[in-house]
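The following exercises ask the reader to describe the strands, helices and enclosed space of a protein model. Each task is followed by a worked solution.

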Amino acid sequence: MAAAATSTVRRRLPPPSCFAPRATMLLAAAVALLVVPPCRVAVDAQPAPGFYPSRRFRARPFYRDFRNLWGAQHQSVAGGEVTIWLDSTSGSGFKSRRSFRSGYFGADIKLQPGYTAGVITAFYLSNSEAHPGFHDEVDMEFLGTTPGRPYTLQTNVYVRGSGDGGRGRAVGREVKFHLDWFDPTADFHHYAILWTPTQIVFYVDDVPIRRYGPARGSAAAATFPRRPMWVYGSIWDASSWATDDGRYRADYRFSPFVARFTGLRLRACPARGPPRCHAPRPGPSSSRLSPQQEAAMRWVQRNHMVYNYCLDPKRNHALTPECLHPAGDHAW
């Protein structure tokens with residue numbers, strides 16, 4: 001899981017008229033209301049995606065599909081819910097019992113409020129144990145924060161060892177979002193990864209927030225994961241980079257840091273499953289997102305995306321050719 005990169009996608013500011021002196025605004029108010037809509041600072045309401053993949057699949061008891069991987073003393077299971085926590089002695093993680101070659105992987109997750117800087121809660125796919133030093137990975141990582149600031153959701157893709165170079169040498173494909181259009185600590189929200197042979201779609205509450213596809217031509221194999229992966233969940237200390245590039249570190253006076261997972265949904269093709277098994281489709285009627293889903297995704301990216309590796313001028317995009325030669329309607 002890669003270190004955070006400096007944000008190069010900036011949030012939009014309100015128009016200059018919003019900062020006009022109070023007297024000027026009051027005198028012009030009546031005329032303004034007749035001529036133009038009132039000045040808006042808030043973003044538009046989130047569009048509905050129109051298609052809800054999480055409702056198509058039933059959650060199952062935790063131990064049917066998963067097992068503890070590490071930190072067993074920092075993990076508790078009750079039916080379909082697993083709680084994991086981090087303190088100064090250990091974090092915790094769990095892993096699926098089987099590997100998969102494609103599928104839909106979702107979980108309802110509730111994050112901890114307050115000071116969580118330096119702490120990462122993760123839900124991801126990986127084959128690092130099967131291919132150490134040359135692995136694939138698809139991440140949804142929740143980067144801890146300080147009070148009054150939103151969690152950052154970092155989505156990432158590693159392919160054939162691109163994440164195994166160590167800090168400063170790894171080639172990640174990070175796209176980050178501030179989770180400030182809802183409160184991820186007040187209740188459970190559904191987060192999911194759809195991995196098919198041609199694309200990866202990341203969802204938040206059934207809204208697609210990112211679609212990733214391989215580069216065209218000979219670069220395709222090096223830019224898209226195709227080997228079987230397992231499903232993981234974990235909580236751990238990443239103080240060196242997780243929050244403001246390590247400026248704020250985990251403070252164990254606020255521990256234990258707790259993450260709760262429930263509603264775990266796997267609608268996936270096992271690595272040794274029959275050829276007729278196919279991943280669910282991303283939209284209501286085809287292998288593409290619907291226009292309504294596309295509009296919902298653009299809304300999230302326009303209003304809440306804070307970093308995109310393809311738009312970072314400091315990155316060497318010869319190492320990420322999908323940014324230069326995307327396949328089809330690839331959207332990072």
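**Exercise 1: A sheet of seven strands**

Seven strands form an open sheet with antiparallel pairing, in the order 2-3-14-5-10-11-12. The model is a predicted one.

Task: Explain why strand 2 and strand 12 each have one side without a neighbour in the sheet.

Solution.
1. Strand 2 (75–78) and strand 12 (207–212) stand at the edges of the sheet.
2. Each of these two strands has a single partner strand, so one side of each is left without a neighbour in the sheet.
3. On average, neighbouring strands of this sheet are turned by 20° against each other, direction ignored.

**Exercise 2: One pair of strands and a helix**

Task: Determine how many bridges pair strand 10 with strand 11, and which residue is the bridge partner of A192.

Solution.
1. Strand 10 covers residues 189–195, and strand 11 covers residues 200–204.
2. The two strands pair in the antiparallel sense over five bridges.
3. A192 has Y203 in strand 11 as its bridge partner.
4. Helix 4 (residues 291–304) lies across strand 11 and strand 12. The helix runs at about 85° to strand 12.

**Exercise 3: A sheet of eight strands**

Task: State the order of the eight strands that form an open sheet, and explain why strand 1 and strand 15 each have a side without a neighbour.

Solution.
1. The order is 1-4-13-6-7-8-9-15, and the pairing is antiparallel.
2. Strand 1 (66–70) and strand 15 (305–308) stand at the edges, each with a single partner strand, so one side of each lacks a neighbour in the sheet.
3. From one strand to the next, the twist averages 15°.
4. Within this order, strand 4 (residues 92–96) and strand 13 (residues 230–237) run antiparallel and are joined by four bridges.
5. Opposite F94 stands G233 in strand 13.

**Exercise 4: The cavity**

Task: Find how many cavities of 30 Å³ or more the structure holds, and describe the lining of the largest cavity.

Solution.
1. Rolling a probe the size of a water molecule over the atoms reveals where empty space is left.
2. The structure holds one cavity of 30 Å³ or more.
3. The volume of the largest cavity is about 60 Å³.
4. Its lining consists of Q112, T116, V119, T121, F142, G144, Y151, I235, F257 and V258.
5. Strand 6 (119–126) and strand 14 (257–270) each supply at least two of the lining residues.
6. Sorted by character, the lining has six nonpolar residues, four polar residues and no charged ones.

Terms used:
Residues numbered from 1 in each chain as written. Predicted model: local features only at pLDDT ≥ 70, side-chain atom pairs only at ≥ 80, totals over all residues. Heavy atoms only, no water. Pairing = 2+ DSSP bridges. Axes fitted to C-alpha atoms, helices over the stretch in contact; angles between N-to-C directions. Contact = heavy atoms within 4.5 Å. 1 Å grid on protein atoms, 1.4 Å probe; cavity = no way out; pocket = protein on both sides within 12 Å on 5 of 7 lines; lining within 4 Å. Points joined across faces, edges and corners; volume = space filled by probe spheres on them. Nonpolar A, V, L, I, M, F, W, Y, C, P; charged D, E, K, R; others polar.
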